[in-house]
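Me: I have a structure open in front of me and would like to understand the words people use for it. Could you take me through what stands behind each one?

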Amino acid sequence: MAERSFANEVQELRLGAGAEFRGEGILAVTKGLLQSGVAYVGGYQGAPISHLMDVLGDASEILAELDVYFENSASEATAAAMLAASVHYPLRGAVTFKSTVGTNVASDALANLASGGVLGGALIIVGEDYGEGSSIMQERSHAFAMKSQMWLLDPRPNLTAIVDFVEKGFELSEASSTPVMLELRLRACHLHGSFIAKDNKRPSFTLREAIENPQRDSSRVVLPPASFIHEQEKIKDRWPAAVRFIQENELNEFIAEKREKVGIILQGGLFNTVNRALELLGLSDPYGNSEIPLYVLNVTYPIIDQEVLRFCDGKDAVLLIEEGQPDYIEQNLNTVLRRAGDLTLLHGKDLLPVAGEYTPAAVTKGINAFLQKYLPARVNLDNLPTVVLDDNDPRSPFAPRISPELVQSRPPGFCTGCPERPIFAALKLAERELGPHIVSADIGCHLFSINAPFNIGATTMGYGLGSASGSAFNAKDADKRTIAFMGDGGFWHNGLTSGVGNAVFNENDQLLVVVDNAYSAATGGQDLLSSRAENPSRSTNHPIERAVRGIGVKWARTMTDTFKVAEMRDLFKEALTTQEKGPKVIVAQSECTLNRERREKPARAKKIKEGKRVVRELYGVDPETCTGDHSCIRISGCPSLTIGPNPDPLRQDPIAVVLETCVGCGLCGENAHAAALCPSFYRTEVIYNPSWWDKSKLWVRHRYIGWLQKGIEKQRLGIDAV
Amino acid sequence: MTTVDLKVNTPIPGVTRPITMAILAMGGEGGGVLADWVVEVAERNGYFAQNTSVAGVAQRTGTTVYYVEMLRKIGDDPNQPEPILSTMPTPGEVDIAVASELMESGRAIQRGFCTPDRTTLIASTNRVYSMPERTAMGDGRIESQGLIDAAKQSAKRFIRADFNKLALDNGSVISACLFGAIAAARVMPFSREQCEEVIRSGGKGIEASLAAFDAGFNAALAAERPVVEVTIGARPPETEDLGPDPAAVERAIKDPSSLVGPKLTDCALRIKSAFPEQARYVLVEGIKRTAEYQDVEYAEQLLNRVARISRVDSTQDSKLTVEAARYTALWMTYEDTIRVAFHKTRKVRFDRVRAESRATEGEMVQVREFLHPQIEEITDTLPTKLGRLLLGSKLFQWLVFKITHKGIKIQTSSVWGFTVLYVLARLRPLRRRSLRFGIEQSRIDHWLGRVADLAVTNPELAYQVCLCQQLIKGYGDTHANGLRNFEAIMDYLPIAIKASDPASIIKELRSAALADESGGALTLALERSK
């Protein structure tokens, strides 16, 4: 079960023609797929497209009614390969993943798919994780479209446009026998908006019909000589067909085309930002009535030469607004203009930032610079938006108004009660005794270990590649071992073979820690092969330790409670010093707290209400004995363990305090034990609906303790003013 | 023909700019819920609204910005074109900035989302401390006042209150409180009732959310009422840094014996007659602390020790005497098992724990301690000879390891657990004869002797050496590391004295010792100084 339930959203998927769909961009895409008669959907979860997968995961009933097959693919490569179903059959299929990371993984299958081409529409929905909020390297999916010749759609961030482009994408794919990529930027995926729905469509041809009537055409298989023919087909047949379709369907837009002798060419995904910039410069309104000619590329690959020349015709200069680098479109446009002998000047990354997200600030500044150069009469210098002013101008929004040291960065970290935190606390303690090690990190929540307070982990080479990225450190004469981390998500994605199998085969002595929190937690808590939950439509409960033993690991241990810090520390020490050869694998298991709390909190509340005995645990720090050294925080970093004013009249450093957000995971106490920290931590157990036995114990204690406390208080006698 | 009919190029008369709102929160604080509420109230009341955020792993506990735009619809025409709203805030163009915490309001300013010409800033004054603030070995907190001052200068209107506390008091979360404050600010043209209607139509915790909304609404109104300058008494502090109660400080100067019980009257009178005014408050607290820790004689010993410094103190405002009083009192009441057991068993503590747990009548509260006594901590408490003997005994060491290496959990609220701690607390009379007591007393005298000597020749250096005591704190390894760092600096003192500005050297070494736990920075600093 995912972190979030989509029960309400699933109902929106049923909306019929004319009804208004309201919700998130990525859910609109899901509805668009059903309206397009899609026959199968696959993908690999990851922000910003996780919700597409999650909502379909919760929509099995609707999918069954419509004869749509949905699977959680093992990896993006699996998802891309799934599109093979559209090669010989008129089946519409869609897959989705985070990009560029997912596209990297999928690219082998995508290249093969694009070579032979498709009969049924094949749509690849990529969540472009670029700019603020991104968690990956900053690259463009554009390159993949160009290298494999797949068409790239980059529609305006508007639910109506996005949904229309899902349908148009399938049609374009079928018209040109080419897979089509639909690129959605981070914020477009999480955009809240609405569109008018259409009826869902059952696929005109079903998977069952395909299975029962197998077809084959060896000219679609990537093997010489067909592969050479494919390349020719791409240029001679598929490209012209795509250009025709795009032009006939007017997928790109011309706005105020002939109004001025200058113009702006932009990626569709940037339309809202560009329009806002023009509004601020007094040249458009909130309805997109631009006074400056715009050519909106809702299809960013291929570039339609005729359309470019049409837009540039009679213009002195155009500004291209293309986010990210390299400047593929700018290079392309220059070629188009040069070949045609068109003298229109093309500006782009000379006036706009070469690298980085095209924020409203960047775009407004760029357009302002362009207009001041070519259309100064239309720029009202007295009424410029403050964002274009120099940073030192006192009216600028960036004029220094706060000293930088007052605002510290706040990177993401482990949640309160996260079961991964004790793993790194234990490793820190083990390293206190054994010294520092080379640690290869992986992708997943566990990567937060690289930040304070743990500062563990030196590289991250990709999902599931934690073990592999330590493979070079295989010097048999070294006195130390290397350590690698991997999450359960990365493990099943590819880590079992790329990491564990590789280490067994090459006799690497490394210690691999597989963080098994029972879900693909970082992407939203989806189930995996090793999830402990019973999932009615998926096969779970396949233990990781069994898998690694099956592949040849001899030293493997499963730690079923990561919160036992001292045991965890001792296990690390053993793994790092044992004489056993070959990779050592520790499977560190504890359920993701976000998921656990989502399930248990309501259950607990219900039990209390029903009058059943429930014990709630929370932690605290005694202010009298805390000396304010914060060593407990330095091996935890839990958001609920923080600092507060010191009530001691003589002490000045803040003391440790536990906030009410504490979920009672117990790490504070375990750390205090394992690291022999300080006696200030205590656990409070609140017993709801105590039993008669609880009550009688309480009666005795109350009297006994109350009596002894009088003796204790004698020590204070005569000290305090009365 | 395209089906992509975005209805552009239809001139719209009387178009206005959208209302823009940026919400800066940390992942998991309910910023998304707040943004959804704002969108909902706008859509229900004749506006187009759009809300965007970035989600995913980048959000886990880190800073997140939610962005909302609202634009009034033109009449009731159902076929009117949809506006083009921005998915990202433009610096300098934000009407309402909401910060769920004080440092986040600083971030809003830094990112240009809060400008004096336009923005109404609604900020909660509570602090969610950043990692560097929390992990500092001493006090690494950013001063809240600096953030408040910057916000005052950077916003058109600045509405602030501890919305987090208000939310907790109402059994709800901060998003509901902030929604109330947003409604009260009236930058959005929606009434209080329209906003409450949205909460009511939601799913869970409606009553608590409405209560928090109400608290936030009222606090925001109160925050903007003109402030009547308070001329009598102290102004309430804006931030949570408490500091000593000024009234108590005043009484300590004029009449210290009114702050203590009969046992300490003589000591208090001595404080008034023999010590400078500035040191009296700290000394009063010091004698209470030492008397509680051991006995009245021990409190007198504190005064004797500090008097030695006070006599030769020539620093401004007697700052050396003040700090010598503070650190001597703290060192004399070093944390041992007896002290810990005493505080763990007190009635005030039992009451505090119960209040913290927010348990209601009929619910039972139990307390469990996490103790990990080191062998030294046990032998330290025993009479010197016995302590030494056991410390050398292999059998004893093995026994202690067996019992304690995994830590001990004691339920203080049980008969057995309380008895154990009670007996330990009552060992107080034995302390004077213990191994550690002797060691600590000679360490204190050695350190104070140096401070006293230096006070004559180099008062600033004496002051810096005095402050070094703050390095010794904590328990177990933390205490051992602190003591090691302290001694390393003391050992370096004879060399430092020969330099031109020894006081700054000691000050730097002290900061280096507080820079990291391993002592690496101090080692480097010592290398550099040589």
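**Domains, strands and cores**

Reply: Happy to help! In this predicted model, the C-alpha centres of domain 2 of chain A and domain 3 of chain A lie 49 Å apart.

Me: What makes these stretches of chain A separate domains?

Reply: The bounds come from an automatic or database domain assignment. That assignment divides chain A into domain 1 (13-206 + 215-248), domain 2 (253-388), domain 3 (421-595) and domain 4 (613-689).

Me: What is there in chain A overall, in helices, strands and span?

Reply: Chain A has 24 helices and 24 strands. Its C-alpha trace spans about 100 × 70 × 60 Å along the principal axes. Of its 722 residues, 55% count as buried.

Me: Why is strand β17 of chain A called largely enclosed?

Reply: A residue is buried if 20 or more other C-beta atoms lie within 10 Å of its own. Five of the five residues of β17(A), residues 483-487, are buried, so the strand is largely enclosed by the rest of the structure.

Me: And how do you know which residues cover each face of β17(A)?

Reply: In a regular strand the side chains alternate between the two faces of the sheet. Here Ile483(A), Phe485(A) and Gly487(A) lie on one side, with Ala484(A) and Met486(A) on the other. These residues are all buried, and both faces are covered.

Me: What makes β17(A) a paired strand, and which strands are its partners?

Reply: Pairing takes at least two bridges between two strands. Strand β15 (residues 439-441) of chain A has two bridges to β17(A) and runs parallel with it; in that pair, Ser440(A) has Ala484(A) as its bridge partner. Strand β18 (residues 511-516) of chain A is joined to β17(A) by five bridges, again parallel, and Ile483(A) is partnered there with Leu511(A). Both pairs therefore meet the cut-off of at least two bridges.

Me: Which helix belongs with β17(A) and β18(A) in a β-α-β unit, and of which hand is the unit?

Reply: The helix is α18 (residues 488-505) of chain A, and the unit is right-handed.

Me: How do you know that helix α3 of chain A is mostly covered?

Reply: By the same residue-by-residue test: eight of the eight residues of α3(A), residues 50-57, are buried. Among them are His51(A), Asp54(A) and Leu56(A).

Me: What makes a set of residues a nonpolar core?

Reply: Its members are buried nonpolar residues joined through C-beta atoms within 7 Å. The largest core holds 289 residues, and Trp151(A), Ile122(B), Cys177(B) and Ala181(B) touch the most other members. Helix α6 (residues 174-185) of chain B gives the most to this core, 10 residues. Another core, of 54 residues, lies apart from it and includes Leu320(B) and Tyr463(B).

Me: What does Ile122(B) contact beyond its neighbours within four places in sequence?

Reply: Its contacts include Ile96(B), Val98(B), Leu178(B) and Ala181(B).

Me: How many residues of chain A and chain B are in contact with each other?

Reply: There are 114 residues of chain A in contact with 128 of chain B. Helix α24 (residues 692-713) of chain A supplies the largest share of chain A's side, 10 residues. That side divides into 58 nonpolar, 34 polar and 22 charged residues.

Me: What makes β24(A) and β7(B) a strand pair across the two chains?

Reply: Six bridges join β24 (residues 681-688) of chain A to β7 (residues 364-371) of chain B, and the two run antiparallel. One partnership is Tyr682(A) with Glu369(B). Since a pair needs at least two bridges, these strands qualify.

Key:
Residues numbered from 1 in each chain as written. Chains lettered and ligands numbered in written order. Predicted model: local features only at pLDDT ≥ 70, side-chain atom pairs only at ≥ 80, totals over all residues. Contact = placed C-beta atoms within 7 Å. Helix = DSSP H or I, 4+ residues; strand = E, 2+ residues; numbered from the N terminus. Nonpolar A, V, L, I, M, F, W, Y, C, P; charged D, E, K, R; others polar. Buried ≥ 20, exposed ≤ 12 C-beta atoms within 10 Å, placed from the backbone. Right-handed = clockwise from strand over helix to strand, strands pointing away.
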